[in-house]
Every structure is written in C-alpha cells, then in structure tokens.
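Q: Please walk me through how the two chains in this model meet, giving the reason behind each term.
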Amino acid sequence: MDRYEIRLSGAGGQGAILAGIILADAITKADKFNVAQTQSYGPEARGGASKAEVIVSEKVIAYPKVTKADFLLALTDSALKKYLPDLKKTGSLLIDEEVFIQDKDLLPKEVIKIPIFKIARDQVGKIITANMVALGAMTALFDFIDKGEIEKVIAKRVPTDTVELNLEAFSAGYRFIVE
Amino acid sequence: MANPDINKYYRRNKLPHIWCPGCGHGIITGAIVRAIDQAGLDQDKTVVISGIGCSGRAPGYLKFDTLHTTHGRALAFATGVKMANPELNLIVITGDGDGAAIGGNHLIHACRRNINITTVMYNNSIYGMTSGQFSPTTPTGSLATTAPYGNIDTQFDVSNLAMAAGATYVGRSTSYHVRELIDLITNGIKHQGFSFIEAVTHCHTQFGRKNDLGGPMEMMEWQKENYIPVKAWAKLSAAEKEVKKTRGLLKEEEREEYTDKYLALIKQVQAGEEKNG
Amino acid sequence: MKTEKVLLQGNEAVVEGALLAGVRFFAGYPITPSSEIAEGFSRRLPLVGGKFIQMEDELGAMAATIGGSLAGLKSITATSGPGFSLKQENLGFGIMIEAPCVVVNVSRTGPSTGLPTSPSQGDIMQTRWGTHGDHPAVVLAPSTVSNTVDLTIKAFNFSEMLRTPVILMLDEVVGHMRENVLLPAADAIEIIDRKRPDGNKANFKPYEVKGHDHVPPMPDYGQGYHYHTTGLYHDETGFPRGKSEDAEKLMLRLMHKVDYYRDEITLVEKKYLSDAKIAVLAYGSVARSAESAVEMARNNGIKVGFMQIKTVWPFPEKEVAELAQKVDKIIVPELNYGQYVREVTRAAGGMAEVIPLNRFAGQLISPATIKEMIEEED
C-alpha cells in the first residue's frame with residue numbers, strides 16, 4: 001500500500017483523537033507499515049470540531065498530514081461539512097446514520113452509514129463508547145490491520161476499569177460491518 | 001569564638017575587595033565565613049552563589065566552588081545545583097535589589113519549597129553598584145537618583161516576606177550586631193530547610209550621602225539604635241514599633257526539606273516499578 | 001539488546017533520546033506545545049534516579065538547568081517561543097561560562113502569545129541571535145519523530161563535547177505528531193561525556209585549554225577544585241579583570257571551539273541532487289513537505305533535488321555554497337516571513353538564484369504549494 005490517508009473527525013470529547021492514536025499504535029505494533037498521526041490541539045480539541053489524521057504507507061512518510069483523504073470518519077454534521085471537501089471521490093466515508101449530508105455532490109463512491117451512536121447507547125450502554133464502535137467498524141473495513149492488534153492496544157490505552165466496555169463497543173462496531 | 005584562618009577561606013590574591021572603604025559588605029562576608037567555619041561545613045562540598053550588584057562580588061573572594069550569576073537568579077541556579085547533588089551545602093548571597101526586586105519570584109518559591117539553601121541578603125536599601133537608585137527596601141520618602149523628589153514606594157520588610165512565603169528559618173541582624181549575625185547564619189546553615197538571613201547594612205556612599213545620614217560610623221550607630229531584639233521590641237510603644245525593627249531569630253520551624261522529599265519520591269517510584277516488574 | 005517499534009510523539013521522542021544520552025536533570029516551566037516533554041521527564045527521571053523540577057518561571061528553569069550541569073549532571077529544559085524569549089538571559093550566561101546543557105524550543109506561531117498550537121519557524125534567527133552580545137550557537141532542527149530521538153542524543157553529545165548549551169528546535173508539527181519509531185539500543189549509540197580535569201587541584205585554572213579543540217575540562221561542583229565562574233569576561237583563572245585583551249581572547253575561543261568541530265556537528269541531508277537544476281532547501285517540519293514536493297515533481301520529470309539542514313546553526317556555509325555552484329535555483333520554503341533564506345542568499349553568493357517561499361500564519365506548507373513553485377521555476 002503506497003499512501004493511505006485517514007481522517008477521524010467529530011466534536012471535541014467524542015474520542016476521535018483517541019481512536020486515531022489507537023489505530024496508529026496498532027499499525028506500529030503490527031510493523032507492516034509506517035504510520036504518522038497528527039491531531040487538532042488546544043481549544044479546538046476541547047470543544048467544536050476535533051480531528052485526528054493517520055497516514056499509513058509502506059514507504060517513508062514525508063508529508064505527515066492529510067492532503068486528500070482516502071477515508072473519512074465523521075461523527076457530527078459539522079465535521080462532515082468541514083472535511084467532506086477534502087475526501088477523494090474514490091475514497092470511503094463512514095458516518096453515523098443520523099448525520100446530515102448537506103453536499104450530496106461531494107460524496108465519494110463508497111458511503112457507509114451505520115448507527116454508531118445507537119449501538120453505543122443501546123447495545124453497549126454508554127454513548128461515550130461511540131468512538132470505539134466507529135473504530136470497530138473501520139477495522140472491519142480496513143484490510144491492512146487485524147482486529148486482534150487493535151484490541152491489544154485498546155486494552156493498553158484506555159483506563160483500566162473501562163477496558164471491557166471499550167472492547168465490547170469495538171466488537172459491536174466490528175460485527176455490524178462483518179455481519 | 002576563635003577567628004578562622006583567613007587563608008583557608010579567602011582567596012587572598014583577589015583582595016582588596018571592590019567595595020567602598022567603610023562598606024558593611026566586608027563585615028557580612030566575614031560573618032558568613034565565620035558561620036561556615038562554626039557550622040563545620042566541608043569546604044569541598046560547599047558552593048557559594050550570588051547574583052548581580054555589590055553583594056554579587058562576595059563569592060569571588062571566597063575559596064569554595066563559587067558562581068557569580070545573572071541579576072536576581074542566584075537562587076534558581078542554587079536550586080538546580082542542590083537538586084542535582086543534595087550532598088552539597090548551598091550558600092546564596094543576594095542584595096535587596098537582586099533578591100527582593102528582580103529575583104523576588106525565585107526568593108518566594110525557594111521559601112515555599114523549603115529547599116536546603118542558606119540565603120544571606122545584604123540589605124543596604126539601595127542599588128549601590130548602579131549608583132543609588134531606590135530599591136524595594138528603600139524607605140518611603142528617601143531620596144535616590146531615581147527618586148529625586150522622594151521615594152513614593154512602600155518598603156518591603158524582606159524578613160516578613162520570607163516568613164510569609166514559607167521559609168522555615170528566618171533571622172535578621174545588622175552589620176553592627178555582627179556576633180548575632182554570625183550566630184544566625186551558623187544556625188541557618190545547620191537548619192534542615194530553607195533559611196533566610198537578612199543582614200541589614202549601610203551604603204554611606206549612595207544611600208547615606210543622598211539622605212544626609214552621615215558616614216559608616218553614623219549609619220552603624222543608627223542600626224544599633226533602630227534594630228531591637230525581638231523580645232525587647234515587643235515591649236515598645238505602638239509609636240516606637242512604627243519606627244524600630246526587630247532583630248534576632250524571627251522564625252524557626254520544622255518542615256520536610258525539598259530534596260529529601262524528592263529522594264523519598266525516587267525510592268518510592270523505583271520500589272513501585274520493581275513491584276510492577 | 002533488541003528493541004521494537006513504538007508509536008511515539010515528537011515531544012516524547014525528546015524524552016527517550018535524552019534518557020538514552022544519559023540525562024539526569026530537567027528543570028522547566030509549563031508551556032504549549034512543549035509540556036509533554038516536562039510531563040515525560042517528571043514520570044521517567046525518578047525511575048532512573050534522575051531529578052525533575054518545575055520551576056517558578058522560565059528564567060529560573062534555564063538557571064536551574066545550568067545549575068544541574070555545574071553539579072555534574074546532563075541537564076535539559078524545554079519551552080516554546082514565549083518561554084524561549086525569557087530564557088535568553090541565562091542562555092547567554094550558559095554560553096559565557098560554558099555550561100553544557102540542552103534547551104528545547106518547540107516553536108509556535110509568534111510574536112507574543114500568537115497561535116499557541118500552530119507551528120512556526122519564526123524563532124530561527126532567535127535561536128542564533130536571541131541572547132545579547134556576540135556568541136556561538138549550535139542548533140539542531142529535526143523533521144521526524146525518529147530524527148528527534150537521534151538529534152536529541154546528538155544535542156547532548158555536541159553540548160558535552162563543546163561545553164556549550166545546544167538548542168534543539170522542534171516545531172509544533174514535529175513536537176505533537178506521532179510516528180512509528182525504532183528506538184536505538186542503548187549499547188548501540190555513541191555517548192560523549194564532557195572532559196573533566198585530571199585531579200590536579202593546586203593552581204587549577206578552570207578555563208585553561210590544553211588540547212587543540214579550545215574546550216577546557218570541566219569539574220563537577222563538590223570535587224574540591226574551588227573554582228570561580230562568572231558571566232563577566234574572565235581569564236583562564238575564571239576571574240574578571242575588566243580587560244579588553246581577556247574579552248578578545250575568550251570570545252575568540254568561544255567561537256573557535258565551534259569552528260573546530262564544525263565538520264563533525266554539521267548535519268545536512270542531500271537527495272536527488274546529481275542531475276538537479278533546481279534545489280529545495282528546508283529544515284524542520286517543512287523539510288517533509290519539501291521532500292514530498294521534490295518527489296512529486298521528479299515523477300513529473302522535473303530535475304529537482306533536495307537539501308535538508310539538520311544543523312541549522314552554525315550555518316552550513318560550505319554545503320550551501322556547493323549547492324549554489326551546482327544548481328541554478330534554490331527554493332527556500334519556511335514557516336516565517338523570510339528569515340533563513342537571507343543566510344542562504346548570502347552563502348549562495350550570487351551563484352544561484354535564491355527564491356523564498358513563506359507561510360507565517362500557523363499552517364504547515366503543503367507539498368502541493370512547493371511543487372507549484374518548482375513547476376513555475378522549471
């Protein structure tokens with residue numbers, strides 16, 4: 001795989017950044033690709049739109065940020081509005097089924113709508129695990145990373161008393177795509 | 001008290017000093033040397049650090065590892081040295097401009113941390129080396145080159161400042177009451193924690209001349225009249241208390257010393273690490 | 001010793017590199033975007049018996065760092081632009097008294113409070129000329145996380161070798177980004193420690209040079225040398241005499257010691273230059289955009305090469321002059337209003353046209369922007 005650009009976006013506090021870090025860490029551990037992860041910081045990361053970017057490549061990654069994304073996760077209307085223009089037409093979009101699509105013309109070939117927040121709220125029981133549901137779905141969609149690798153990193157990176165919950169959310173998102 | 005061997009502690013080839021004839025700085029520096037001797041410090045393990053100003057030149061005359069730093073920063077340098085090697089004895093020499101104005105922040109935080117450094121502030125109520133501008137300890141109403149119509153600033157009581165900031169040993173004496181000064185510094189050195197000794201002295205060249213206070217003799221007489229032992233001061237009338245100031249040991253308390261705390265922290269986290277594999 | 005790849009942030013890479021280099025003392029003050037460095041040291045240093053202290057301000061942090069060095073420990077501090085401005089006073093003192101230490105500046109967009117979480121290279125001249133008076137400067141600028149580990153180790157080595165503070169200039173992009181990194185094994189890296197005196201304490205002169213490298217050996221406090229150090233111009237004994245001849249001798253030595261090691265400390269990467277008519281010269285995070293742009297342009301058949309300056313100061317005069325001789329045009333993209341480009345122009349001496357490309361509003365220059373300029377100039 002040459003260069004694959006992933007952007008995870010949402011509102012501050014939804015955990016898009018943590019999901020990006022976990023993804024990057026798992027890619028590192030698997031040691032098949034190089035990875036570069038950047039994110040929004042400061043006031044921007046605490047409220048409003050928040051984003052993480054993960055570049056994956058077999059080659060050395062020179063430019064570390066997204067130029068034109070291959071994959072976009074958008075958890076909110078405003079995140080979608082902001083980042084959809086930078087998504088390749090040949091790319092993939094993962095959104096919550098309730099996210100409002102304003103610019104239908106900009107949609108890429110592949111649009112995956114899943115009830116991210118509904119799964120988190122009803123199946124897992126904590127809406128705050130939506131980021132892990134989304135990460136589970138992404139893992140099922142990506143062919144360059146194994147489920148097991150991500151699970152190991154989740155267990156290491158989330159607070160000890162929430163590991164089980166986060167893994168459950170991750171599996172729920174993964175299953176939704178696979179099944 | 002026996003006089004210590006001047007050749008042991010002074011860099012004789014650096015004398016005579018740069019201070020004006022009659023200056024009190026030599027008396028205070030002598031008191032520090034006698035206190036170091038009295039406290040029995042290992043000369044090899046003692047570091048003397050100063051900032052900028054007349055007081056800043058004192059370490060150059062003393063035979064230790066000595067560091068003449070930037071204006072007001074002596075305590076910050078000393079904090080680094082002490083943290084890096086807590087076995088070293090740290091003496092900081094500062095002035096009223098150096099320690100209470102530009103270096104005031106370092107002073108209050110060194111007090112707060114209770115790091116084992118002995119600080120002697122040579123308080124002559126003026127910026128002497130830059131020829132007589134008013135300092136934070138210049139009395140209100142006094143004349144200075146930057147207060148030609150009289151100083152409108154309020155004075156700092158630097159000992160009160162150190163006490164309020166959490167210094168665990170605070171003493172004040174003068175270049176007149178030199179035996180008391182030596183004992184205060186000695187006990188400050190022995191104290192396990194931050195010690196602050198305010199050494200009140202005279203700058204007849206700048207402060208005295210501008211304010212018609214006479215020469216060194218007259219100014220030391222003034223110190224004698226106006227600095228009163230703590231107990232005697234307590235019995236003064238309210239009006240007298242407005243004018244006269246305390247001398248002697250002002251505060252002494254026990255509180256865990258900063259580098260001791262850090263060494264305990266190292267032990268604790270290393271033990272935790274071993275336990276967790 | 002075997003190591004495995006880890007996902008590391010640029011700021012964390014400073015901590016890892018410093019620990020590999022043998023750092024045992026950190027003094028700092030919180031500031032975005034460098035705080036992860038202080039946080040990392042506060043966690044890691046006590047585990048190896050090292051010391052961490054959060055000082056009351058940036059001036060104190062620089063002072064304490066020098067204090068740690070004088071007491072014999074490899075010492076480091078970290079900050080960003082506003083704090084770097086405050087550190088200049090004692091940084092100059094460190095250069096004057098020749099205290100080895102490392103000062104990290106994770107640059108953000110200035111002046112003043114500016115854009116605290118956006119990258120900038122606006123401090124590049126401040127790293128050279130920030131403190132008052134003439135002085136040498138040794139400044140390294142990494143562009144990747146892995147590079148940051150490597151250059152942090154080198155920053156310590158150079159500072160110990162030269163007996164001078166070395167500045168490590170990251171920017172917000174490099175400081176905050178995470179990448180997969182293979183940390184070097186501790187036994188596989190070269191570590192340089194300062195020269196210490198031979199133990200002869202009688203008539204010890206702390207600034208007497210015996211070797212050819214103009215660097216005097218340095219005792220630790222507490223070893224019994226009873227030596228004096230001052231920020232005033234001083235002679236070999238360490239004492240000030242207020243004489244011009246002492247000032248001249250000391251300044252020349254401070255400059256000459258950096259000149260003496262110039263080849264060893266000059267780190268420059270060259271790529272695709274053999275057939276190049278145009279070169280892009282960059283440092284820090286911009287070097288990544290530049291390298292991408294050069295590769296994109298080469299794929300389109302443009303003969304363009306790339307030079308990354310890792311040791312930004314002392315300025316790589318010889319390398320830039322050679323480059324100017326070789327190519328017709330040098331493009332210098334920078335995250336500022338145009339600073340380093342002036343040095344490049346000077347060193348190019350008219351042999352090549354030097355073209356600035358500047359962005360100063362907190363955004364990393366994109367490869368596309370640089371590629372466009374390459375195409376325009378082709």
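Q: What makes the contact between Arg113(B) and Glu56(C) a salt bridge?
A: In this predicted model, the closest N and O atoms of Arg113(B) and Glu56(C) are 2.6 Å apart. The cut-off is 4 Å between a side-chain nitrogen of Lys or Arg and a carboxyl oxygen of Asp or Glu, so the pair qualifies. The count between chain C and chain B is two salt bridges.

Q: How many residue pairs are in polar contact between chain C and chain B?
A: There are 22 such pairs, both residues at pLDDT 80 or more.

Q: Which elements of chain C give two or more residues to the side that touches chain B?
A: They are strand E3 (51-54), helix H3 (58-70), helix H4 (81-97) and strand E10 (228-230) of chain C. H3(C) has the largest share, eight residues. By class, this side of chain C has 21 nonpolar, 16 polar and five charged residues.

Q: How many residues of each chain are in contact?
A: 42 residues of chain C are in contact with 41 residues of chain B. A residue counts here because it has heavy atoms within 4.5 Å of the other chain.

Q: What is the area buried between chain C and chain B?
A: About 3,200 Å², with carbon and sulfur atoms giving 60% of that area. Glu56(C), Tyr221(C) and His226(C) supply 22% of what chain C buries against chain B, more than any other three residues. Glu56(C) is also the salt-bridge partner of Arg113(B).

Q: Why are E2(B) and E10(C) called paired?
A: Pairing needs at least two bridges, and strand E2 (residues 65-68) of chain B and E10(C) have three, so they pair. The sense is parallel. Within E10(C), Thr230(C) is the bridge partner of His68(B).

Q: What makes E1(B) and E2(B) a pair as well?
A: Strand E1 (residues 46-50) of chain B and E2(B) have four bridges against a minimum of two, so they also pair. Their sense is parallel. Val47(B) stands opposite Asp65(B) in E2(B).

Q: Why are E7(B) and E10(C) edge strands?
A: The open sheet has nine strands in the order E7(B)-E8(B)-E5(B)-E6(B)-E4(B)-E3(B)-E1(B)-E2(B)-E10(C), with mixed pairing. E7(B) (227-229) and E10(C) each have a single partner strand, so one side of each is left without a neighbour in the sheet. Neighbouring strands are turned by 20 degrees against each other on average, direction ignored.

Q: Where does H4(C) lie?
A: H4(C) lies across E2(B) together with E10(C). H4(C) runs at about 135 degrees to E10(C).

Notes. Residues numbered from 1 in each chain as written. Chains lettered and ligands numbered in written order. Predicted model: local features only at pLDDT ≥ 70, side-chain atom pairs only at ≥ 80, totals over all residues. Heavy atoms only, no water. Buried area = accessible area lost by both parts, 1.4 Å probe. Polar contact = N/O pair within 3.5 Å; in protein donor to acceptor, adjacent residues only side chain to side chain. Nonpolar A, V, L, I, M, F, W, Y, C, P; charged D, E, K, R; others polar. Axes fitted to C-alpha atoms, helices over the stretch in contact; angles between N-to-C directions.
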